[in-house]
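Me: I'm new to this structure and would like a close look at one part of it. Could you take me through the pockets?

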Amino acid sequence: MASEKVETVVAGNYIEMEREEGDSKSAKNKLSNLFWHGGSVYDAWFSCASNQVAQVLLTLPYSFSQLGMLSGILFQLFYGLMGSWTAYLISLLYVEYRTRKEREKVDFRNHVIQWFEVLDGLLGKHWRNIGLFFNCTFLLFGSVIQLIACASNIYYINDNLDKRTWTYIFGACCATTVFIPSFHNYRVWSFLGLMMTSYTAWYLTIASLLHGQIDGVKHSGPNKMVLYFTGATNILYTFGGHAVTVEIMHAMWKPQKFKMIYLIATLYVLTLTLPSASAVYWAFGDLLLTHSNALSLLPRSGFRDTAVILMLIHQFITFGFACTPLYFVWEKFIGVHETKSVFKRALETKSVFKRALARLPVVIPIWFLAIIFPFFGPINSTVGSLLVSFTVYIIPSLAHMITFAPSSARENAVERPPSFLGGWAGMYSINIFVVVWVLIVGFGFGGWASMLNFIQQINTFGLFTKCYQCPHKA
């Protein structure tokens, strides 16, 4: 059976690799291995859930003020399901590609498979180039957004320095992610990151409810089409964080078990985003239209400072998540990727510093772009409409349809559509709906609204602004 063949082939190399590595490990390294070297289903779930909701947790109330309460809730549920669907498609394509290659005796033990390589192997170089452009550009700006968020958050604890200066400082801090070899090594970070966002989400919820509604609170959204589609696109961005799905799958010992992980992660994330965004919007209403960071409206306290610090740490982790695939692409470009240090020698001092030095040029443009466009909030929607719409929604849906268009491909597919979806016809129907919806609503209306809003921020604050949305700051 094809499915039996997949399990043998896909899991085989990783099990063999672990056995080879395990023989060389002493008992004193077992604790380090426990915290550092992960590849289980649970590791993948923590990685997906932790990576999916980061700084965007703080901008969702801003989106609710643009959309209104009902639309905000409905769009979260809708895009959460849509994001889970396309993550599922990506996982199917990865397993299909890897199985085909390993049947040809290709060894991936010292090579991290990436999305553009999946497209190349299944559909050819033109699809590879398209996937590479959109994926890398999205991850680049995803990293930029994390850096902007760091500066925005720390300012609410220490405003002695402007946000631009904080961006310089945190750019240097985030550059240390070059020392983390691969997604195998995010085990403890993913777990801690999810705990941090969980605390922050429930802090926002409880603090807003205890604070109560401000005097004369208004909930006028939606009242402008531009704001409506800007808010919707920020939510599209929220649940489009699976640009690193392939790398997370490749870090698993049995990647074929990934299929439902993203959906389960999304369901947990919704328990954080829905209560927090709803509570903050209920308390502050239209005031959020000029305060894209929800933390800026809550009174300073030990709980708020804790939330800020935890989000700073989490944004460092998410920066690493977004940047690590870029590090891999750069390593492949300069020819230093396929070495034993990807796995076996990842912790050897000489190898670590050599790889870190090779990766460092990736961080420089991220640092620079974060200083040019410090528009925390509006930049999320812009990236969502122009990049996320294609990277994680349109391209995976089209790629899946084209890959399995020939009848022979469908007959020999490693993973067949579940019967409750209506077989291949059901899958194609859902894929077509995703492509049409995201192309028209996400990229079309969302792109139009987000660019207008983004241009307005530039006209109001200017490029290289020292302190975006700071009170009494130039």
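Reply: Sure, let's start with the largest pocket, which has a volume of about 420 Å³. Keep in mind that this is a predicted model. The largest pocket is lined by 17 residues, and S84, W85, Y88, L263 and L421 are the ones nearest its centre. If you want to find your way around that lining, look for α5 (69-103) and α18 (423-461), each of which supplies at least two of its residues. The biggest share comes from α5, with 6 residues. As for chemistry, the lining of the largest pocket splits into 13 nonpolar, 1 polar and 3 charged residues.

Now for the second largest pocket, which holds about 360 Å³ of space. Its lining is made of 17 residues, with L227, L289, N453, Q456 and Q457 lying nearest the centre. Here the elements giving two or more residues are α4 (56-67), α10 (225-238) and α18. You've met α18 already, as a supplier of at least two residues to the lining of the largest pocket. In the second largest pocket, α18 is the element that gives the most, with 6 residues. By class, this lining has 8 nonpolar, 8 polar and 1 charged residues.

So how do the two linings read side by side? For the largest pocket, 13 residues are nonpolar and 1 is polar; for the second largest pocket, nonpolar and polar residues come to 8 and 8. The element that gives the most is α5 in the largest pocket and α18 in the second largest.

Note on methods
Residues are numbered from 1 along each chain as its sequence is written. This is a predicted model: local features need pLDDT of at least 70, side-chain atom pairs count only at pLDDT 80 or more; totals for chains, interfaces and linings use all residues. Side-chain values use heavy atoms; hydrogens and water are left out. On a 1 Å grid over the protein atoms alone, a cavity is a set of points where a 1.4 Å probe fits but cannot get out, and a pocket is an open set with protein on both sides within 12 Å along at least five of seven lines; lining residues have an atom within 4 Å of a point. Grid points are joined across faces, edges and corners, and a volume is the space filled by probe spheres set on the points. Helices (H or I, at least four residues) and strands (E, at least two) are DSSP runs, numbered from the N terminus. Ala, Val, Leu, Ile, Met, Phe, Trp, Tyr, Cys and Pro count as nonpolar, Asp, Glu, Lys and Arg as charged, and the others, Gly among them, as polar.
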